[in-house]
Amino acid sequence: MATTRIPEQKVILCGEYGVGKSSIFRRFANNTFVTRSDRQSTLGLDHYDKIYKVENKNIKLQLWDTGGMERVASITSSYYKFAEAAILVFSLDNPASFHVLSQHLLDIVTYAENAKIFLCGNKEDLVNNVSQVSESEIESFCEQCHNLINTTYKTSCKTGVGIDEMFEDIAYQLVQSNRSRIELQSMDSSSFKIVGPAENFDDDSCLC
Amino acid sequence: MDEEYDAIVLGTGLKECILSGMLSVSGKKVLHIDRNKYYGGESASICPLEELFTKFSAPAPDESYGRGRDWNVDLIPKFLMANGQLVKLLIHTGVTRYLEFKSVEGSYVYKGGKISKVPVDQKEALASDLMGMFEKRRFRNFLIYVQDFQSDDPKTWKDFDPNTANMQGLYDKFGLDRNTQDFTGHALALYRDDDYLLQPAIQTITRIKLYSDSLARYGKSPYLYPMYGLGELPQGFARLSAIYGGTYMLDKPIDEIVVGEGGRVVGVRSGTEVAKCKQVYCDPSYVQDKVRKKGQVIRCICLVDHPIPNTKDALSTQIIIPQKQVSRNSDIYVSLVSYTHQVAAKGWFIAMISTTVETENPEVEIKPGLDLLGPIRQKFVSISDYYEPIDSGLESQIFISESYDATSHFETTCLDVLDIFKRGTGEEFDFSKIKHELGDEEQ
């Protein structure tokens with residue numbers, strides 16, 4: 001723990017069930033793609049760290065998946081806590097997933113008010129240049145939410161197009177905007193995460 | 001909802017969320033439902049502040065309280081023991097990665113109308129104003145004995161068998177007076193009453209060791225508190241459950257727990273929908289005919305704009321008022337958290353006083369606690385019934401948690417959860433089932 005700390009930036013995925021959040025997560029984590037998007041595929045996905053180099057500085061993006069909680073219930077507010085960035089994901093072939101974004105945006109603004117927000121239109125491979133969600137619709141959405149959206153990306157998890165570029169750009173933007181804060185953060189250690197030593201607890205008798 | 005599950009969990013309070021997480025991790029198919037729109041039930045932290053005022057039918061807070069959104073007020077005050085059961089559960093389940101903590105700055109005990117720091121090592125024992133000169137030396141000897149004590153090494157027992165002899169006997173061996181016994185039993189061993197005096201001394205020795213080991217981990221006090229309030233805890237375990245396949249439903253009223261032949265549960269009904277299941281796990285509020293009232297707990301939330309006097313301006317504190325000091329049968333607990341934990345607006349503190357109700361007039365019972373706080377800007381009192389299940393649940397396969405007690409930490413909470421898990425599954429929870437690494441299931 002005492003080694004030089006690479007600043008860690010929590011990035012969360014938000015958006016409707018089925019727009020491809022877990023697929024983006026998989027591309028980010030191990031550059032794979034699973035066609036069947038059933039519930040099974042979200043199992044076990046929690047968060048994943050990846051280091052990006054921006055102007056000779058290392059920054060660690062820690063991407064979080066929802067765990068599928070949004071399928072029937074709402075996501076816990078603690079999912080948003082400590083987030084530095086949020087990616088609002090919708091599916092380019094599903095206008096409904098786009099029009100509901102204002103609700104997700106509200107959650108982000110409420111529970112993660114310092115997070116930078118990005119917009120991601122996914123499943124670009126499915127629309128063959130005739131997107132179900134037009135450029136002007138996207139533009140007017142961004143205007144309506146008072147330019148809270150920093151950048152809009154288009155991606156395809158199936159082909160992998162746009163994914164790397166999106167995260168590289170997010171890393172770049174976070175470094176730019178957080179430059180001073182990141183330095184402060186590495187000094188601040190007033191709150192902490194509890195870590196092991198787990199070996200102390202391996203004795204089963206202590207839990208019964 | 002019309003599916004079949006191994007277990008349906010009702011209520012998203014801390015106990016139910018830990019159970020849900022453990023069941024999902026163990027490979028069970030879990031449906032987790034709450035009648036409320038939010039996670040946490042009674043273990044939720046109320047946000048924004050306006051909602052807290054509404055809940056207690058008070059006029060809306062004025063602008064001096066800052067932004068309502070900056071507040072997250074717990075309804076049930078508790079701290080985590082740094083080396084306690086809940087921290088072990090958090091580490092073993094990996095839920096610790098969803099949370100950040102701060103050490104509670106001060107731990108105090110009440111004696112004769114004023115408060116003193118709880119002395120925990122030899123140095124503090126000698127410096128403490130709780131005892132006279134000679135008593136300090138005796139107490140120091142006692143602490144050294146406990147420190148050196150090894151349960152597996154009778155040589156360290158010093159001609160005293162802690163497995164058969166009781167705690168009163170150990171106090172007498174060191175010649176400790178009533179007063180020292182009082183803060184040792186209540187502020188170090190954290191007993192709620194004096195029944196422990198007649199129990200084997202080993203239990204108390206273990207508890208004092210827990211206190212000092214917890215203290216050793218993070219410094220200032222043995223207690224931890226999560227940023228953004230205790231409501232983060234159930235949410236963390238809910239996420240664990242979801243990640244291992246648990247399905248969540250909020251805002252879903254439960255109309256009936258459907259029981260089949262032989263009195264065994266077969267499902268849960270909401271409106272016309274029925275979800276089938278083999279087991280139900282729930283809090284007492286979902287099964288009022290299967291629980292009995294064991295007592296009452298009074299909790300008083302106080303919003304104050306200053307630290308507690310005589311605590312060196314600590315931004316978080318626990319004060320224990322041992323029963324005997326105020327002629328009671330159960331201790332009074334005072335806890336303080338503040339804006340540094342992201343639970344209050346800048347400059348604000350939340351003090352909580354809680355105890356087991358003993359008289360017809362519980363508000364008078366907590367007065368010794370209130371008197372310690374200095375001026376109080378706003379006070380909310382709640383008195384809640386404390387329920388326990390009428391049976392073990394083995395026949396009906398409906399496993400019910402106990403209500404949250406007045407204790408100031410989560411040890412009893414965890415014991416109840418682990419016991420329910422054992423009753424429900426017939427085995428101890430196997431922590432090795434938790435995969436910490438992403439992608440294990442893909443290989």
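Biologist: Hi! Is B:Lys158 buried, exposed or partly exposed?

Modeller: In this predicted model, B:Lys158 is partly exposed, since its relative accessible area of 43% falls between the cut-offs of 20% and 50%.

Biologist: Thanks! And where does B:Lys158 lie in chain B?

Modeller: You'll find B:Lys158 in the loop between α5 (133-148) and α6 (167-174). Its phi is near 55°, a positive value in a residue other than glycine.

Biologist: What sign does phi have in most residues other than glycine?

Modeller: Negative, in most of them.

Biologist: What is phi of B:Leu190 near, then?

Modeller: Near 60°, so another positive value in a residue other than glycine. B:Leu190 sits in the loop between α7 (178-188) and α8 (201-218).

Biologist: Buried or exposed, that leucine?

Modeller: B:Leu190 is buried, because its relative accessible area is 8%, and buried means under 20%.

Biologist: New topic: which peptide bond is cis?

Modeller: The one from B:Cys47 to B:Pro48 is, with omega near -5°. B:Pro48 is found in the loop between β3 (45-46) and α2 (49-55).

Biologist: Zooming out, how many helices and strands does chain B have?

Modeller: Chain B has 12 helices and 19 strands.

Biologist: And what about its radius of gyration?

Modeller: Chain B has 23 Å, which agrees with the value near 22 Å for a compact globule of 443 residues. Buried residues make up 60% of the chain.

Biologist: Last one: how many charged side chains are there in chain B?

Modeller: There are 51 positive and 63 negative ones, and the centres of the two sets lie 4 Å apart.

Key
Residues numbered from 1 in each chain as written. Chains lettered and ligands numbered in written order. Predicted model: local features only at pLDDT ≥ 70, side-chain atom pairs only at ≥ 80, totals over all residues. Heavy atoms only, no water. Helix = DSSP H or I, 4+ residues; strand = E, 2+ residues; numbered from the N terminus. Rg over C-alpha atoms; globule rule 2.2 N^0.38 Å. Buried < 20%, exposed > 50% of the residue type's maximum accessible area, 1.4 Å probe, protein only. Lys, Arg positive; Asp, Glu negative; His and termini not counted. Charge placed at Lys NZ, Arg CZ, Asp CG, Glu CD.
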